[in-house]
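Here is a structure to read with care, taking each term together with the rule that stands behind it. Please look at the sequence and the model before going on.

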Amino acid sequence: MSGAAETMEFQAEVGRLLRLMAHSVYSEKEIFLRELISNASDACDRLRYAAIANPALVDGNSNFEIRISIDKENRRLIISDNGIGMDRDDLVKYLGSIAKSGASDFLATLEATSASDKASAHIIGQFGIGFYSTFMVADTVEALTRKAGDSQAWLWKSDGEGAYTVEQSEKASRGTDIILTLKEEEGEFLEAFRLRHIIRSYSDHIPIPVLLSEDLNGDGEQANAGRAIWTLSKTEATDEAHREFYSHVGGMGEGPWRTIHWRAEGSLEYSGLLYLPSSKPFNLFNPERKSRVKLYVRRVFITDEAEELLPGYLRFLVGVIDSEDLPLNVSREMLQRNAVLRQIRTGVVRRVLREIEEGAKADPEGYQGFWNNFGPVLKEGVYEDINNREALLKLCRFQSTESDGLVSLEDYISRMKDGQEAIYFITGEAGRNLAGSSQLEGFKARGIEVLLLTDPVDDFWPAAVGIFSDKPIRSVTQGGEDLDKIQKTEAEEETAASDIDPLLSRFREVLGEAVKDVRVSKRLTDSPVCIVADDGDLDLHLSRMLQQHGETVPRSARILELNARHPLIQGLSGKLAQKSFSEEVEIYARVLLDQARIAAGEPLEDPSVYGRRIAELMVRGL
Ligand code: ADP
């Protein structure tokens, strides 16, 4: 392939993305420059890191810089870096496709929410589609690039209409020039004062000089402050600077909920600058559960894939940890079993949990928003991180039967009724009216608060935790909770359980293996029946969920509970003595079991049989 340009199609996702960009009335077109400077800075970081192992790569020139040159005559804007550069394969991989997992899903949501939505603009950055934003302002985009260590340069070129070309080219120095030929109406981006302003507002913290020159040969003058924000003192780092840095590392535009900026000194020294985000990234629930926090060693970027730096349940954090103690030449593999890194992790986790707790106290309203975004993730920590379990449980907030807002376990305990020994919860799908579950009736009648848990992780942590503050945590659908010890709020006549003993026996006889037992319920007041799991059996919702995920779950029969005060149960009990009724009661028993299953969200073995039985009872009633 001697110099001939190869034409290639963009990956389908890129095509969709470019169309979205073209049609969005995007108010902040200027962010294309932030994205390009950010890429250039990353490219320098990556070369600096690679050069630790292979110094020949920088070839004596380790003064990294980013140069922005204006070529008014040709309506061109050129962003150059002397970073790592790209070879042909890199160009195809990085500038021809979107490598991120979940790209398709993400684009689908973006398309559905209407592209002109301002929110979509925020998402673009975190999605890492920064480079393509150049097509908002440019008719043609070229990347002239030579990878450090290679002699061959390459030219990538596209007008953003579905295809691009790649050909061999010449370039004197390593690194990348991004050459934009601006659209007719985008002349403002050829004005030095405008560009200087954009650089100050978005790229001030970039720890590499950004030089702006008004002609192609000029030296240019530095347009950014060029100091890493985490090396500044707390007072030097302004809110403005934090917002800008947060959007650089997190790709989110609207500022963090809280900023954690500290320096650990003592046996270990490191700086931390972490942000608690104010909005949810699109890939929060990716199975890899990867953290996005960047690891630096003495101001040199090492990796943003140090899985050991933070536990998965803090993957929503964005920012930087800069260690003084790790060796500069630490490889990513070495990080996996590095004692220093493990110690840093312990300290960082503690610091972050403390900050969240303080935030919850200082700004309860903001914390609600934070919890709604990240609560389900933090709860993974309750399950996994035994050392910090107490601290995490204190951060948890729940919906409950007794409150419109969210409640903490401490709130719950402070409201417990006389004689109440446990913390009660029920789990279920988010859409279902959990508060209306029949299993809750006895609790409601006694004014006992029940936590309503609807996240998938809620099926796991309560059993793992068991106890909070000496109080057992129990599911209301499990076991024969002793509600007797607790006074009912309204005095209700107690019907002696013995009243319906014959009915219970008859039901047991009829239902046989289909149930584990039939007994009088303490938890029902309004409904005639419900099913519960026996102590030691899997909770109803959990076993259903496991089945949905293809797990084989030991099928345990449920316990059917009858409400001895309900007119239907009393009526059945009264008629049982009549001989003629003995056959009919069988239909009732089966119908009531199915009803209890439906109410608990369990599938019926044969819904049509259920329907026929109901019809039969109706006919008899006419
Ligand atoms: P992101 O930067 O979020 O990964 P981009 O679309 O902006 O997304 O860039 C895609 C990839 O292209 C980058 O991850 C990087 O590998 C490569 N790239 C972009 N610009 C440069 C550059 N100036 N030098 C080297 N590589 C670059």
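Q: What makes helix H16 stand out in the lining of the second largest cavity?
A: H16 gives the most to that lining, with three residues. Helix H16 (540-548) and strand E17 (423-427) each supply at least two of the lining residues. Helices (H or I, at least four residues) and strands (E, at least two) are DSSP runs, numbered from the N terminus.

Q: How should the values and residue numbers be read?
A: This is a predicted model, in which local features need pLDDT of at least 70 and side-chain atom pairs count only at pLDDT 80 or more, while totals for chains, interfaces and linings use all residues. Residues are numbered from 1 along each chain as its sequence is written, and side-chain values use heavy atoms, with hydrogens and water left out.

Q: What makes a space count as a cavity, and how many of 30 Å³ or more are there?
A: On a 1 Å grid over the protein atoms alone, a cavity is a set of points where a 1.4 Å probe fits but cannot get out, and lining residues have an atom within 4 Å of a point. By this rule there are two cavities of 30 Å³ or more, and the second largest holds about 60 Å³ of space, a volume being the space filled by probe spheres set on the points.

Q: Which kinds of residue line the second largest cavity?
A: The lining divides into three nonpolar, five polar and three charged residues. Among the lining residues are Ile426, Thr427, Arg432 and His541. Here Ala, Val, Leu, Ile, Met, Phe, Trp, Tyr, Cys and Pro count as nonpolar, Asp, Glu, Lys and Arg as charged, and the others, Gly among them, as polar.

Q: Why is Pro376 called buried?
A: Buried means under 20% relative accessible area (exposed is over 50%, partly exposed in between, with a 1.4 Å probe and protein chains only); Pro376 has 16% relative accessibility, so Pro376 counts as buried. Pro376 lies in helix H10 (residues 364-384). Leaving aside neighbours within four places in sequence, Pro376 is in contact with Phe285, Trp371, Asp455 and Val457, where contact means heavy atoms within 4.5 Å.

Q: Why are Cys44 and Cys396 called buried?
A: Cys44 has 0% relative accessibility and therefore counts as buried, and Cys396 is buried because its relative accessible area is 1%.

Q: How many disulfides does a search of the whole structure find?
A: The search finds zero disulfides, a disulfide being a pair of cysteine sulfur atoms within 2.5 Å.

Terms used. 1 Å grid on protein atoms, 1.4 Å probe; cavity = no way out; pocket = protein on both sides within 12 Å on 5 of 7 lines; lining within 4 Å.
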